[in-house]
Amino acid sequence: MGFLLTKLLPLLLYPLGVAITLQTIAILNNRRRWSPWCACGALVIITLPAMPIVSDQLVWSLEERSAALKAKRLATHTISNQRHSYAQGACKL
């Protein structure tokens, strides 16, 4: 039961898993009125995140946060190195 919840259930929540589930529903119920809507929904779920406009925005938001963290870490590291150098007397005026 634990394996099902930790390994298999998340696969159904990813976009590819949702799209495959919707396509399977559409194929198995091809005579229903909502079957084409399931197929179109699956197509949108797959193609929308793959479009350059959407994917660039998603990647940019992740890179922006990462750059801010790196800049903050670099500034903290530089300040601590300067303090360490002054404490050892390496930088004399």
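1. Start with helix α2. Its 14 residues should span 20 Å at 1.5 Å a residue, and its end C-alpha atoms are 20 Å apart, so expectation and model agree. The model is predicted, and every value here is computed from it.

2. The fold is quickly described. The protein chain has four helices and zero strands. Along the sequence the pattern reads α-α-α-α. Three of these helices, α1, α2 and α3, come up in the points below.

3. Burial is the next item. Of the 93 residues in the protein chain, 6% are buried. The chain exposes about 8,300 Å². Carbon and sulfur atoms supply 69% of that area.

4. Which residues of α2 are buried? They are Gly-17, Ala-19 and Ala-26. The cover over them includes α1 and α3. Helix α2 itself runs over residues 15-28.

5. Helix α3 covers residues 35-50. It has 16 residues and reaches 24 Å from its first C-alpha to its last. That is close to the 22 Å expected at 1.5 Å a residue. Buried in α3 are Ser-35, Cys-38 and Ala-42. Their cover includes α2. In turn, α3 is part of what covers the buried residues of α2.

6. Ser-35 deserves a look. It sits in α3. Its relative accessibility is 5%, so it counts as buried. Setting aside residues up to four places away in sequence, Ser-35 touches Ala-26, Asn-29 and Asn-30. Ala-26 is itself one of the buried residues of α2.

7. Leu-22 gives another view of α2 against α3. Leu-22 lies in α2. Its relative accessible area is 22%, so it is partly exposed; the buried class needs under 20%. Apart from neighbours within four places in sequence, Leu-22 contacts Cys-38, Gly-41, Ala-42 and Ile-45. Two of those partners, Cys-38 and Ala-42, are buried in α3. Leu-22 and Ser-35 are 13 residues apart in sequence, and their C-alpha atoms are 8.9 Å apart in space.

8. Pro-15 also belongs to α2. Its relative accessible area is 44%, which means it is partly exposed. Where does Pro-15 make contact, leaving out residues up to four places away in sequence? It touches Ile-45 and Ile-46. The C-alpha atoms of Pro-15 and Ile-46 are separated by 6.8 Å, though the two residues are 31 apart along the chain. Ile-45 is a shared partner, as Leu-22 contacts it too.

9. Now the cysteines. How many disulfides does a search of the whole structure find? Zero. Why is Cys-38 not bonded to Cys-40? The closest cysteine sulfur to that of Cys-38 is in Cys-40, at 9.5 Å, so the pair is too far apart for a bond. The cut-off is 2.5 Å between sulfur atoms. Looking from the other side, Cys-40 has its closest cysteine sulfur in Cys-38, again at 9.5 Å and too far for a bond.

10. The two cysteines also sit in unlike surroundings. Cys-38 has 13% relative accessibility and counts as buried. Cys-40 has 45% and counts as partly exposed. Cys-38 is one of the residues that Leu-22 contacts.

11. Last, the surface. Met-1, Phe-3, Leu-4, Leu-5, Leu-8, Leu-9, Leu-11, Leu-12, Leu-13 and Tyr-14 form a nonpolar patch. Together they have about 1,100 Å² of accessible area. Leu-8, one of the members, lies in helix α1, which runs over residues 2-13. At 38% relative accessibility, Leu-8 counts as partly exposed; patch membership needs over 30%, so Leu-8 meets that cut-off. Helix α1 has a second role here, as it is among the elements that cover the buried residues of α2.

Note on methods
Residues numbered from 1 in each chain as written. Predicted model: local features only at pLDDT ≥ 70, side-chain atom pairs only at ≥ 80, totals over all residues. Heavy atoms only, no water. Patch = residues over 30% accessible without salt bridge, like charges linked within 9 Å, V, L, I, M, F, W, Y side chains within 5 Å. Areas by Shrake-Rupley, 256 points an atom, 1.4 Å probe, with all protein chains shown as cover. Salt bridge = Lys/Arg side-chain N within 4 Å of Asp/Glu carboxyl O. Helix = DSSP H or I, 4+ residues; strand = E, 2+ residues; numbered from the N terminus. Buried < 20%, exposed > 50% of the residue type's maximum accessible area, 1.4 Å probe, protein only. Contact = heavy atoms within 4.5 Å. Expected span 1.5 Å × (residues − 1).
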